[in-house]
Amino acid sequence: MENLYIESEKSQKTSGPADHLANERTFLAWIRTSIALMGFGFVIVKFALFVRQISIVLDKKEVVQGKNYSAIIGIIMVSMGAIVTTLAYLRYRNIEKQLNNNAYFPSKLLSVIVTFSIVVGSILLVLYLLPGI
């Protein structure tokens with residue numbers, strides 16, 4: 001009987017400042033992830049432009065050869081960063097409401113989306129970097 005009382009006491013625990021601060025830290029971690037994705041996309045686009053400019057300066061036309069998909073890949077990475085930012089905010093607000101109602105239910109959707117996006121982006125970059133494909 002005492003064990004049942006302890007379990008019901010644990011389930012009635014209200015969220016405190018530490019829970020809300022942890023939610024904010026998690027939100028900021030997702031924001032850092034999205035900024036990294038956007039920055040990486042920007043670097044991908046600008047690196048292709050840099051290679052083209054260097055080939056013009058060096059007057060070597062063979063350096064310019066390539067697939068020229070870097071702009072598309074870079075734009076996709078920047079877009080993924082914007083999507084992660086939006087989803088992170090929605091997740092933050094949802095968890096905030098759950099904490100206020102003492103009814104927190106964890107969700108793995110954002111983690112799955114980001115993981116899938118990064119794996120797909122990595123595969124695209126590997127295919128882009130492989131010679132002759």
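This report walks through a predicted model of one protein chain, from its overall fold to its rings, core and empty spaces.

**The overall picture**

Let's start with the fold. The chain contains four helices and zero strands, and along the sequence its pattern reads α-α-α-α. Of its 133 residues, 22% count as buried. Contacts between residues with a separation of 6 or more can be sorted by how far apart the partners sit in sequence: 80% of them join residues 24 or more positions apart.

Helix H3 will come up often, so it is worth meeting properly. H3 is built from 31 residues. From its first C-alpha to its last, H3 reaches 45 Å, close to the 45 Å expected at 1.5 Å a residue. After H3 comes Asn-102, a residue with a positive phi, near 55 degrees.

**A cluster of rings**

Which residues are linked into a cluster by ring pairs? They are Phe-27, Tyr-89 and Tyr-92. The count of aromatic pairs comes to two, and the table sets them side by side.

| Ring pair | Distance between centres | Angle between planes | Kind of pair |
|---|---|---|---|
| Phe-27 and Tyr-89 | 6.4 Å | 70 degrees | edge-to-face |
| Phe-27 and Tyr-92 | 5.0 Å | 35 degrees | tilted |

Why is the pair of Phe-27 and Tyr-89 called edge-to-face? Their planes stand at 70 degrees, and an angle over 60 counts as edge-to-face. For Phe-27 and Tyr-92 the planes are at 35 degrees, so that pair is tilted.

Both pairs link distant parts of the chain. Phe-27 lies in helix H2 (residues 17–57) and Tyr-89 in helix H3 (residues 70–100), and 62 residues separate them along the sequence. Tyr-92 is also found in helix H3, 65 residues apart from Phe-27.

Are these ring residues buried or exposed? Phe-27 has 18% relative accessibility and counts as buried, because the limit for that word is under 20%. Tyr-92 is buried as well. Tyr-89, at 42% relative accessibility, counts as partly exposed.

**The nonpolar core**

Next comes the largest nonpolar core, which has 14 residues. Within this core, Trp-30 and Met-77 touch the most other members. H2, H3 and helix H4 (109–129) each supply at least two of its residues. Which helix gives the largest share of this core? That is H3, with six residues.

Trp-30 deserves a second look. Setting aside neighbours within four places in sequence, its contacts are Val-84, Ala-88, Arg-91, Leu-110, Ser-111 and Val-114.

**Empty spaces**

Now for the gaps. Rolling a probe the size of a water molecule over the atoms reveals where empty space is left.

How many cavities of 30 Å³ or more are there? The count comes to one. The largest cavity holds about 30 Å³ of space. Its lining is made of Asn-23, Thr-26, Phe-27, Trp-30, Ala-88, Arg-91, Tyr-92 and Ile-95. You have already met several of these names: Phe-27 and Tyr-92 belong to the ring cluster, while Ala-88 and Arg-91 are among the contacts of Trp-30. H2 and H3 each supply at least two residues of the cavity lining.

The second largest pocket has a volume of about 200 Å³. This pocket is lined by 14 residues, and those nearest its centre are Leu-87, Arg-91, Ser-107, Leu-109 and Leu-110. H3 and H4 each provide at least two residues of the lining. The largest share of this lining, six residues, comes from H3.

**Two more residues of H3**

Two other residues in this helix are worth finding in the structure. Gln-98 is located in helix H3. With a relative accessible area of 12%, Gln-98 is buried. Leaving out neighbours within four places in sequence, Gln-98 is in contact with Ala-103, Tyr-104 and Phe-105.

Thr-86 also sits in helix H3. Is Thr-86 buried or partly exposed? At 47% relative accessibility, Thr-86 counts as partly exposed. Thr-86 and Ser-34 are 52 residues apart along the chain, and 9.4 Å separates their C-alpha atoms.

Note on methods:
Residues numbered from 1 in each chain as written. Predicted model: local features only at pLDDT ≥ 70, side-chain atom pairs only at ≥ 80, totals over all residues. Heavy atoms only, no water. Phe/Tyr/Trp six-rings, centres within 6.5 Å; stacked < 30°, edge-to-face > 60°. Buried < 20%, exposed > 50% of the residue type's maximum accessible area, 1.4 Å probe, protein only. Contact = heavy atoms within 4.5 Å. Expected span 1.5 Å × (residues − 1). Core = buried A, V, L, I, M, F, W, Y, C linked by side-chain atoms within 4.5 Å. 1 Å grid on protein atoms, 1.4 Å probe; cavity = no way out; pocket = protein on both sides within 12 Å on 5 of 7 lines; lining within 4 Å. Points joined across faces, edges and corners; volume = space filled by probe spheres on them.
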